[in-house]
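Biologist: Could you take me through this model and show me how each label is earned? I'd like to see the reasoning behind the words.

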Amino acid sequence: MASSPPFHWIIVGGGTAGWMTAAAFSARFGAPGWRITLIESDAVGTVGVGEATVPHLRYFNEVLGIDEQEFMRATQATYKLGIEFIDWGQQGERYIHPFGVYGEPHQNVGFFHSWLRARALGDTTPLEAYAPGAVLARHQRFHYPGSSSPDSPSENPSSFNNSSASNKPSAFNRKYSYAFHMDASRYAAFLREYSEARAVVRREGKIVQVERHPDSGDISAVVLDTGERIEGDGFIDCSGFRALLSGDALATPYTDWSHWLPCDRAVAIPSTTKDTPRPYTRAFAHSAGWRWQIPLQHRTGNGLVYCSDYLSAEQATAQLLESIEGEPLAEPNHLRFTTGVRTETWSHNSIAIGLSAGFLEPLESTSIYLIQAAIMNLIECFPRGSSSEVALLRGEFNQRMKLEYERVRDFLILHYTATRRDDSPFWQRMRRLEKPDSLERKIALFREQGQVEDYTLGMFLEPSWLAVYQGQGILPRRWHPSVDPTNDRALLASLQTLRTEIKQWAEQQPSHQKALLDLGAQSDKALWPPAAMSLYGVFS
Amino acid sequence: MIESDLTSTASPNSVTRIAVIGGGLTGWMTAALLAQRLSPKVNITLVELEKERDSIAGVECTLPAISGYHAQLGLSDSMLVRADIARPTLAVHYPDADYYLAFEAPGFTLDRVPFHHYAQRLYQNGESTPFDAYSLAAQAARQNRYHPKSDNPTSLFATLNAGLQLNVEGYTNAIANLAKNRGVQAIANELVSVSVHQNQIQGINLASGQVISADLFIDATGTSACVIDALKVPYEPLQSASGLTRVTESAQNSTLNHRIELTDTGWVIRRSAPGVTATRRIEQRDREAGDRTGTEMVMGRRLEPWTGNVIAVGEAAAMLEGFVTDPLHWVQSAIIRLLEAFPSATDWESTRKEYNRRTELEWQSRQNFFELHCYLASLQKPDSHYWQNLWQSVDNPELKRQLALFKASGVTATSEARALPECLWVSLLLGHGLWPETCDPLVSAKPLPWIEEQLTRMRDLIGRATMAMKKLQ
């Protein structure tokens, strides 16, 4: 894979992963000498995962120079401020995991500790009341985060220790971020148009054979059902669960995580949207898994994820149909999967991106994020130089992706194990699950004094862990002593003021429906805020 | 996962008394911030051991990160500069490579690709401009000019992140005064013995007969480490630093900037604060040939710096030459780490483990930085058996992987062991001529004249901005 132009990339499969890769490569390597061919077959359906996204996708679009409003029209997108989790910690409980942060730090200690102390004093307000993004979602409203509001007073540097100054309502719009619900098939089509305008060649056909170099074992060519043979230098396996290259041809070992995440089936049915779309995804826990509800402009995505030990496909379909709010728009689409990841997603000259690399259920909308992370890491670790140089880059890429998958995995397991549910064999099993040491340690640390394990690599950082811990009933034994000196009444009053101001601020923002119309009408000018590779936004 | 009970009343094992043992810079820095954050709920006592008085001499340098510690104390770097205690450092001079290492990454990101890939592209094309030509701070240091950092993010002067070179005596006094004002009780005495029961410190017995007891002890006694040693916590020497000796000299003047010079078997590190210049020689001595100069340093680290009810900080926890930063940087970092999750009760087992885990990550980055300097020396002295053998013997596969990756591609390996800014690594490697062998494909895809134009403009801009800065005398 010693590579310098001319170099021919073959992308196998044209779903979300394939076209995102093609679009990113064509946008970033516009120079002559690079050839990109994408092979897909109209006869092979795509899973169309990842209708719900995370804010990182906005960064991807920004790098590609995509007009956000054009993107939203093309994909029938709605705004997404977070995910509501219903019936997870216990039946009847609900919380929002927002793309954003909570409250204001006090004496260099996170707001959560002030909240804990107030709770011990009898204030039972949930944590989400202090996250502007979550409150905005609860009010079915949306506006861009940022500091564009002309009347917002400039930050006064002298107010360093004066927390009330930064609690001004004008500061609330700096504490959240947003993503989209979108039609993933339309996104793939949108990116196909984008890529083909940038010299990506699309070939129609089914791959029937993969040829490997006899000495190096590298993939040298693929043969289509038409008999045509296409040679390439580097291959991207975006063939989904089929994993034609990484699984069938190269047999890269797969690390099975289903003992930790035992759900292995899903059924999906789109439906008409009954009400105006919510600006957040919903995830309902049920007796043997969970169910998603993703509101787009033209329809609602519904799906039921379950563990086949406890639920049959018929039961799952019936359960899903019963829960759907609008009218079903298609036949049920059944999926089977094994949670896990390939030990090396880059093997030889083939890089697996998307479902061919691994599968983690879309409970936190990570599917497209993991595609994006693979693309961005691959662009940074792009193969070049001699084989020993490529080996170093491949090692680095694999190490980064392994960490991404493992950190998402632990966060997903937390959702299933931080529960008091005892109402079904599935939940009894999850409650007693032996967790990975890396997660066990994080939970023990949090229970002791509310500390979230410190790390910088990975997508879910402190605010997300707080959201799930608190939302599902794991609370620390004590809080940080730095919040003790404030007297009880002053603490309670300051929290009450903060949540009242957030609520009042949220109530002044446009409804989600109005935002979709109005922001969409302003497409002559890029008004959307800058994007970041962060769940929590560029401002917070 | 049953929700645990929150108690708002103090339990019998709450942490209300802390004893800091050792009254050097380490002890006072620790006591000051603990008191600032925890007083009056927690009583802080500091025991100044009489022997350590004379060790206060010279200069300690630190990275720009010290300003975070100062801000928490209500201090600012500029206050210390005005009080003639500190001198700002914009860059550290490596004369053997004729290079100035700034604390901020040189250049600007262009089209979301790190700047050094563009510099590499020009180097590959025969351009010989040193990497520090793209750093305003480095150019200023080269010409002995200074300007304070600007708050305006669009100004070039906003890149002027300065470390500090501190007059240790003046700084210790200032921090000690501050600590006392924040309620730290100081006792000056001699330590006689340490009572241990079930792997916990029971008390520190002083010559006066007084016994110091506390819920938590901080061992700030430096290399003697007499508190943590009482718990028999193993100290792991760093093999690549074995046999190094230290000679420290200081002079009553202040002329030279921070510089690091290579010798045949080590380094000479000079720092200069107001009123004092300190020179430290870290070298291998030929003991067999009768060379008895210098104090032998056993560089290494305490395996569990927080054990039982003792936390070792400063040189009691780890000792290693840091080149661009001295022990006080690691002291402030340890105290901030401790305060981030300060235990209000003694059932702190998970908090303790997390503290030790993070300290170990920090140690890994310190070790990597030290061994990076062994590597740089091996590049500078290709004919020296000493340096070649030393680098050969460095047993650090992860560091060697990271260096090989950088050398191959200019890609910096991701790691959680990032206690020192990544830009220092990139800058040092390029400054020592370790240009990556391949070019980033995104940069190769851009027209060379465009890159040349961008970088020329950048150098001109930096050149003009440097001339606009005040010349120091």
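**Where the two chains meet**

Modeller: Gladly! Keep in mind that this is a predicted model. Let's begin between the chains: 26 residue pairs, both at pLDDT 80 or more, are in polar contact across the interface of chain B and chain A. On the chain B side, the elements giving two or more residues to the surface that touches chain A are α1 (25-38), α7 (327-340), α8 (349-380), α10 (397-409) and α12 (441-444) of chain B.

Biologist: How many residues of each chain are in contact there, and how much area do the chains bury between them?

Modeller: On the chain B side 50 residues are in contact with 56 residues of chain A. Together the two chains bury about 4700 Å², and 50% of that lies on carbon and sulfur atoms.

Biologist: What makes the meeting of A:R407 and B:E416 a salt bridge?

Modeller: The distance from N to O between these two side chains is 2.8 Å. The limit is 4 Å between a side-chain nitrogen of Lys or Arg and a carboxyl oxygen of Asp or Glu, so the label applies. The rule finds nine salt bridges across the interface of chain B and chain A.

Biologist: Why is helix α2 of chain A described as largely enclosed?

Modeller: Helix α2 (residues 56-63) has eight residues and six of them are buried, so the rest of the structure largely encloses the helix. The buried ones are A:H56, A:L57, A:R58, A:Y59, A:F60 and A:N61. Their cover includes α1 (16-28), α3 (68-75), β6 (179-181), α8 (184-196) and α11 (367-380) of chain A. Just after α2(A) comes A:G65, with a positive phi of about 70°.

Biologist: How do you know whether A:S534 is buried or exposed?

Modeller: Its relative accessibility is 18%. Buried means under 20%, so A:S534 counts as buried. A:S534 sits in the segment after α17 (512-521) of chain A. Leaving aside neighbours within four places in sequence, A:S534 touches A:P55 and A:H56. A polar atom of the A:S534 side chain also lies 3.4 Å from the backbone nitrogen of A:G537.

Biologist: And why is B:Q239 called partly exposed?

Modeller: B:Q239 has a relative accessibility of 47%. Exposed begins over 50% and buried ends under 20%, so this residue falls in between. B:Q239 is in the loop between β14 (235-237) and β15 (244-251) of chain B. B:Q239 and B:V298 are 59 residues apart in sequence, with 9.4 Å between their C-alpha atoms.

Biologist: What makes β12 and β21 of chain A edge strands?

Modeller: Strands β12 (254-256) and β21 (358-359) each pair on one side only. The open sheet has three strands in the order β12-β18-β21 (chain A), with antiparallel pairing.

Biologist: How do you know that β18 and β21 of chain A pair?

Modeller: Two bridges join β18 (residues 340-342) to β21(A). Pairing needs at least two bridges, so these strands qualify. One of the partnerships is A:V341 with A:G358 in β21(A).

Biologist: Which residues touch the most other members of the largest nonpolar core?

Modeller: Among its 219 residues, those are A:F71, A:I353, A:L414, A:Y416 and B:W267. Helix α12 (residues 387-417) of chain A gives the most to this core, with eleven residues. A second, separate core of 47 residues includes B:L38, B:L73, B:A179 and B:I311. In soluble globular proteins, nonpolar side chains tend to be buried together.

Conventions. Residues numbered from 1 in each chain as written. Chains lettered and ligands numbered in written order. Heavy atoms only, no water. Helix = DSSP H or I, 4+ residues; strand = E, 2+ residues; numbered from the N terminus. Buried < 20%, exposed > 50% of the residue type's maximum accessible area, 1.4 Å probe, protein only. Contact = heavy atoms within 4.5 Å. Polar contact = N/O pair within 3.5 Å; in protein donor to acceptor, adjacent residues only side chain to side chain. Core = buried A, V, L, I, M, F, W, Y, C linked by side-chain atoms within 4.5 Å. Buried area = accessible area lost by both parts, 1.4 Å probe.
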